[in-house]
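Colleague: Got a minute to go through this fold with me? I'd like to poke at it question by question.

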Amino acid sequence: MRDHIAPALFGLGLTRSDITIVRRRAAAGEGLLEGIPVRDWHALAPQYGLVLNCVCQHNLVETQTRALRLFPGAMHFCDTPIFFKFIQLPATLGLARSSNLYSLEDWPFMPNLPPIFGLCRKAADDYHLRFEHIGIPTHFFSVARSVAAIGRRRRIRLVIRRRNITTDLALGGQARCVLVKPEEDMCAKISCWANGQLIEDFYELRSATEAVFHPEVVSRVLDGVRLRYFLGAHCLREVLIPAEVAARFHGRTDRRAAHDLDKIAGLMDVLGSALAGQPAAYAYSDSVHDAVAARLEARARFAWAFPAPYRGDHRPPMSYLQHASE
């Protein structure tokens, strides 16, 4: 909440009085959360437009069930990994039938990925997308699922893990996504090879005076409150970050800082679309499938990743994927 969601909400123009934090123990927030009203479940207003479930993974299913019951007219978002134990899967599948419930998965919407998605679109049956990244596997599977959905290709995927390497292979072609867990944050990077072209992202965050551009590298420049994304010297996008949030990143060059800014910008897109009444979000049902695949490959070292059916607004985030190819 403090590192990503609150900054994203502030970036959308919300004030602290527009937000309510729900906790069992109504302790005051600290840092960026200071000044946001804190309530327990019994002291909430009768109606909210947007409800975000960001509790620990042990309580995600229980909290989501309660939130949907208390606020049936709200738009709901549930954090990943969606559920904690397989015994919760039946309840999770029941929640997936809710038309107003979405996943809070932000990886497919992060501003550093559209040029990579665009490259995968050009060679949808033969690309090699490699993540050397920390984080839970469901994040990786959300990107693998989104890339596999490019061009409406809805193939079954085979997931295989060997030691610290997880491979998501789309059957019927040479397309694959690979996850390698690095030994430390400073080794994190993303690379994609397709159609004889290479694009890499080393999670570089620089100031305007330190910017260095390479035609095959995605980079970030933080200039005051302006966060700009580049592929080579071409500016892909500019995001305005609230001053109090941007101040926390000035002078930082570590890759964790770059990733945190990516998540904030991605959540601004997801939550902004929801506040506008037209959610462009990752489907809750898809996150359920990703969580199942992650648990199966962790236990059995392989799993089948089936495409989730399209149903109403529950679609892969195709809007971003299509935009990346334009």
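**Strands, turns and a pocket**

Modeller: Sure, and let's start with Tyr-203, which is buried, with a relative accessible area of 1%. Keep in mind that this is a predicted model.

Colleague: Which element holds Tyr-203, and what is odd about its phi?
Modeller: Most residues other than glycine have a negative phi. Tyr-203 breaks that habit with a positive value. The residue is found in strand E11, and its phi is near 55°.

Colleague: Asn-195 has a positive phi too. Is Asn-195 buried or exposed?
Modeller: Asn-195 belongs to the loop between E10 and E11, a hairpin with two residues between the strands. Its phi is near 55°. The relative accessible area is 54%, and exposed means over 50%, so Asn-195 counts as exposed.

Colleague: In what sense do E10 and E11 pair, and over how many bridges?
Modeller: E10 covers residues 189–194 and E11 covers residues 197–206. One bridge pair has Trp-193 with Leu-198 as its partner in E11. The pairing is antiparallel, over five bridges.

Colleague: How many bridges link E11 to E12, and in which sense do they pair?
Modeller: E12 takes in residues 217–223. Arg-206 stands opposite Val-221 in E12. E11 and E12 pair in the parallel sense, and the number of bridges is four.

Colleague: Is Glu-200 buried or exposed?
Modeller: Glu-200 is found in E11. Leaving aside neighbours within four places in sequence, its contacts are Lys-189, Ile-190, Ser-191, Glu-216, Val-217 and Val-218. Its relative accessible area is 16%, and the cut-off for buried is under 20%, so Glu-200 comes out as buried.

Colleague: Why is E12 largely enclosed by the rest of the structure?
Modeller: It comes down to how its residues are classed. E12 has seven residues, and it is largely enclosed because the number of them that are buried is six.

Colleague: What joins E12 to E13, and which residue in the turn has a positive phi?
Modeller: E13 spans residues 226–231 and runs antiparallel to E12, with six bridges joining them. Asp-223 stands opposite Arg-226 in E13. The two strands form a hairpin with two residues between them, and the turn residue with a positive phi, about 65°, is Gly-224.

Colleague: Let's move to the open sheet. Which strands stand at its edges?
Modeller: Three strands form that sheet in the order E3-E4-E5, with parallel pairing. Each edge strand has a single partner, so one side of each is left without a neighbour in the sheet; the edge strands are E3 and E5. As for the twist, the average from one strand to the next is 25°.

Colleague: Which residue stands opposite Phe-77 in E5?
Modeller: E4, residues 75–78, runs parallel to E5, and three bridges join them. Phe-77 has as its opposite number in E5 Tyr-102.

Colleague: At what angle does H2 run to E4?
Modeller: H2 lies across E3, E4 and E5. Angles here go from 0 to 180 degrees between N-to-C directions. For H2 against E4 the value is about 180°.

Colleague: Which peptide bond is cis, the one into Pro-81 being my interest?
Modeller: Most peptide bonds are trans. Pro-81 lies in the loop between E4 and H3. The cis bond runs from Thr-80 to Pro-81, with omega near 15°.

Colleague: What is the volume of the largest pocket, and which residues are closest to its centre?
Modeller: The volume is about 920 Å³. The lining has 29 residues, and the closest to the centre are Thr-20, Ile-21, Val-22, Leu-52 and Cys-54.

Colleague: Which elements each supply at least two residues of that lining, and how does the lining split by class?
Modeller: E1, E3 and H2 each supply at least two residues. The split by class is 19 nonpolar, five polar and five charged.

Colleague: Last one: what share of the chain is buried?
Modeller: The secondary structure comes to nine helices and 15 strands. Among contacts with a separation of 6 or more, residues 24 or more positions apart account for 64%. Of the 326 residues, the buried share is 51%.

Definitions and conventions. Residues are numbered from 1 along each chain as its sequence is written. This is a predicted model: local features need pLDDT of at least 70, side-chain atom pairs count only at pLDDT 80 or more; totals for chains, interfaces and linings use all residues. Side-chain values use heavy atoms; hydrogens and water are left out. Two strands pair if DSSP finds at least two bridges between them. On a 1 Å grid over the protein atoms alone, a cavity is a set of points where a 1.4 Å probe fits but cannot get out, and a pocket is an open set with protein on both sides within 12 Å along at least five of seven lines; lining residues have an atom within 4 Å of a point. Grid points are joined across faces, edges and corners, and a volume is the space filled by probe spheres set on the points. Ala, Val, Leu, Ile, Met, Phe, Trp, Tyr, Cys and Pro count as nonpolar, Asp, Glu, Lys and Arg as charged, and the others, Gly among them, as polar. Contact means heavy atoms within 4.5 Å. Buried means under 20% relative accessible area, exposed over 50%, partly exposed in between (1.4 Å probe, protein chains only).
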